[in-house]
Amino acid sequence: MIIGLTGFIGSGKTIASKYISKKLDYPIFICDDIAKEIENRREIKNKINEIKKKYNRTDLKEIFIDINFKTEIEEIIHKETWNELKKYAKNNKNFIIETALPSNEFFNNTNFSIYIYSFKKNIIDRLIKYRNYSLDKINKILFYQNEYKKFYEKCDFIIENNNNIEYLKEKIDEICINRIGLKW
């Protein structure tokens, strides 16, 4: 069984995926971590540098201010991330996919998906407290991730994570045990 978890940065995806992973003894395929590894590959770096030159950009962080630059970079990174997922799935029949940026591939490769939702204020508070992000950085990331709302609406389940961790775990239990029928 492949379980998909998605949601904005700071929504609680990682807490949720670790909780499910521990209960089911499933590994977690974290798309952000794979994407970072891919960005460091020589051939990908070369492609990204060509795109940077094309758009006269020096920093990959400028992805937040230029839609065309963002689209070309995403095409490379997302394609390679999903290629890695396909390889991973050949050796792992049961696992969790965690991503902030879902796509059709995400839904095509999961048995069910959960969207973890939090109020913007809670996300901001968490990212400042736990990651020491600036408000400007948070707003740029949230603006960028907002494009993916159309995908979040495709999720099978939604958990509103605006309370404590125990509440989040209760909601996960409710979905996984009571609605899906998983045993733990």
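Start by selecting Asn56 in this predicted model: just past the end of α3, Asn56 takes a positive phi of about 55 degrees.

Now step back into α3 itself, residues 42-54. Check its length by picking the C-alpha atoms at the two ends: they sit 18 Å apart, and 13 residues at 1.5 Å a residue should span 18 Å, so the two agree.

Which residues of α3 are buried? Select Ile44, Ile48, Ile51 and Lys52. Look down the axis and you'll find that these four cover an arc of only 105 degrees, which puts them on the same side of α3. Switch on α2 and α4 as well, since those are what the buried residues of α3 pack against. Then turn to the other side of α3, where Arg42, Lys53 and Lys54 are exposed.

Next stop: α7, residues 135-146. This helix has 12 residues, and from first C-alpha to last it reaches 16 Å, close to the 16 Å expected at 1.5 Å a residue. Select Ile138, Ile141, Leu142, Tyr144 and Gln145 to show its buried residues. They cover an arc of only 160 degrees around the axis, so they too lie on one side of α7. To see what covers them, display α4, α6 and α8 (149-152), which are among the elements doing so.

Keep Tyr144 and Gln145 on screen and add Leu101, which touches both of them. Leu101 lies in the loop between β3 and α5 (104-108). Is Leu101 buried or exposed? With a relative accessible area of 15%, Leu101 falls under the 20% cut-off, so it counts as buried. Besides the two α7 residues, Leu101 touches Thr6, His78 and Tyr148, leaving aside residues up to four places away in sequence. For a distance check, pick Thr71: Leu101 and Thr71 are 30 residues apart in sequence and 13 Å apart in space, C-alpha to C-alpha.

Finish with the largest pocket, which holds about 1,500 Å³ of space. Where's its centre? Select Ile9, Asp32, Arg131, Tyr133 and Gln145, the closest to it of the 50 lining residues. You've already met Gln145 as one of the buried residues of α7. Colour the elements that give two or more residues to the lining: α1 (13-24), α2 (31-39), α4 (67-91), β3 (95-99), α6 (120-131), α7 (135-146) and α9 (165-179). Finally, colour the lining by class, and you'll get 22 nonpolar, 12 polar and 16 charged residues.

Note on methods: Residues are numbered from 1 along each chain as its sequence is written. This is a predicted model: local features need pLDDT of at least 70, side-chain atom pairs count only at pLDDT 80 or more; totals for chains, interfaces and linings use all residues. Side-chain values use heavy atoms; hydrogens and water are left out. On a 1 Å grid over the protein atoms alone, a cavity is a set of points where a 1.4 Å probe fits but cannot get out, and a pocket is an open set with protein on both sides within 12 Å along at least five of seven lines; lining residues have an atom within 4 Å of a point. Grid points are joined across faces, edges and corners, and a volume is the space filled by probe spheres set on the points. Ala, Val, Leu, Ile, Met, Phe, Trp, Tyr, Cys and Pro count as nonpolar, Asp, Glu, Lys and Arg as charged, and the others, Gly among them, as polar. The expected span of a helix is 1.5 Å times one less than its number of residues. Buried means under 20% relative accessible area, exposed over 50%, partly exposed in between (1.4 Å probe, protein chains only). The arc is that of the directions from the helix axis to the C-beta atoms. Contact means heavy atoms within 4.5 Å.
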